[in-house]
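Colleague: Please give me a close look at the salt bridges of this model, and then place them against the rest of the fold.

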Amino acid sequence: MSTDSYIHRYVPATEPGLPTVVALHGTGGNEDDLIGVTQTVAPGCAILSPRGNVSERGMPRFFRRFAEGIFDLEDVAKRAHELSAFVAAAALQYEFDARNVYALGYSNGANIAVASLLVAPTTFKGAMLWRAQLTLVPEPPLSLAGKPILLSAGRYDPLIRVDQSEALYEQLRSQGAATSLAWQESQHGLVQSDIEMTAGWFRALIS
């Protein structure tokens, strides 16, 4: 697969050795949506930001769904592998280290990052996931041993229940990931505490 599989933006790192962050927007977003916030969370890091190539009533997404919270699991798995192949192709094209790539995703973007971790664990070294939920679990589950993953959930999120956030946390932990779950006093939308907390977590991780 080439990088032509996704409309995307690439922002080079400001200095050698810094990680690459794959920024994955929510439903209806595009490749520009998370550039600014990613630069705040991961200053100086390279940014690879694809646009979801599934359309839902004209809104870009990363995989199909039948209704709110009801996912096309076959399509989820297919698109997760496509994203993994795209990241590998981009590493060759833009000459960044494919072993030092983190995901930063919101909502649908966070969900495709989770799916990619579960079906192709080498895609990401770790992940920062805002308002994510579990879509599929491959059989047998693959090892995520030691991967640092931050989940930031909204305590009053009307789209993702508390128990769904906790189920994702437990699933990732059961596969060996070093998972943290942070609760925001918010609904589904991002709030400033998401950004500040994630920036601190990532800074501590890579320092």
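Modeller: Searching the whole structure, which is a predicted model, turns up 13 salt bridges. Three of the pairs are worth taking in turn.

In one of them, arginine 99 meets aspartate 97 through their side chains, at 3.0 Å from N to O. Arginine 99 has a relative accessible area of 70% and is therefore exposed. Aspartate 97 has a relative accessibility of 36%, so this residue counts as partly exposed.

Another pair is arginine 61 with glutamate 56, whose side chains form a salt bridge at 3.8 Å, N to O. Here both arginine 61 and glutamate 56 are buried.

The third pair is aspartate 75 with arginine 79, at 3.1 Å from N to O. Aspartate 75 and arginine 79 are four residues apart in helix α2, so about one helical turn separates them. Both of these residues are buried. They also belong to a wider arrangement: Arg64, Asp72, Asp75, Arg79 and Glu82 are linked in a network of salt bridges.

Arginine 79 leads from the charged groups to the nonpolar ones. Leaving aside residues up to four places away in sequence, isoleucine 112 touches Arg79, along with Leu24, Phe62, Phe63, Val76, Ala80 and Leu83. Ile112 is in turn one of the residues with the most contacts inside the largest nonpolar core, which has 38 residues. Leu24, Leu83, Phe124, Leu129, Ile149 and Leu172 are also among those with the most contacts there. Several elements, β2, α2 (73-94), β8, α3, β9, β10 and α4, each supply at least two residues of this core. The largest share, eight residues, comes from α3. A second core, separate from the first, has 19 residues, including Tyr106, Trp130, Leu150 and Trp201. As a general point, nonpolar side chains tend to be buried together in soluble globular proteins.

Many of these elements meet in the sheet. It is open, has seven strands with mixed pairing, and follows the order β1-β3-β2-β8-β9-β10-β11. β1 (8-11) and β11 (178-184) each have a single partner strand and stand at the edges, so one side of each has no neighbour in the sheet. On average, neighbouring strands are turned by 15 degrees against each other, direction ignored.

Within the sheet, β2 (residues 20-24) runs parallel to β8 (residues 101-106), with five bridges joining them. Threonine 20 has valine 101 as its bridge partner in β8. Helix α3 (residues 108-119) lies across β2, β8, β9 (126-130) and β10 (148-154), at about 140 degrees to β8.

Farther along the strand order comes β10, where seven of seven residues are buried. Pro148, Leu150, Ser152 and Gly154 point one way from this strand, and Ile149, Leu151 and Ala153 point the other way. Such alternation between the two faces of the sheet is what side chains do in a regular strand. β10 pairs in the parallel sense with β9 over four bridges, and methionine 128 stands opposite leucine 150 in β10. The pairing of β10 with β11 is also parallel and has seven bridges; there glycine 154 stands opposite glutamine 184 in β11. From β10 the chain crosses through α4 to β11, a right-handed β-α-β crossover. Helix α4 (residues 162-174) lies across β10 and β11, running at about 165 degrees to β11.

Key:
Residues are numbered from 1 along each chain as its sequence is written. This is a predicted model: local features need pLDDT of at least 70, side-chain atom pairs count only at pLDDT 80 or more; totals for chains, interfaces and linings use all residues. Side-chain values use heavy atoms; hydrogens and water are left out. Two strands pair if DSSP finds at least two bridges between them. Axes are lines fitted to C-alpha atoms, for helices over the stretch in contact, and angles run from 0 to 180 degrees between N-to-C directions. Contact means heavy atoms within 4.5 Å. Buried means under 20% relative accessible area, exposed over 50%, partly exposed in between (1.4 Å probe, protein chains only). A crossover is right-handed if, with the strands pointing away from the viewer, the path from the first strand over the helix to the second runs clockwise. A nonpolar core is a set of buried Ala, Val, Leu, Ile, Met, Phe, Trp, Tyr and Cys residues joined through side-chain atoms within 4.5 Å. A salt bridge is a side-chain nitrogen of Lys or Arg within 4 Å of a carboxyl oxygen of Asp or Glu.
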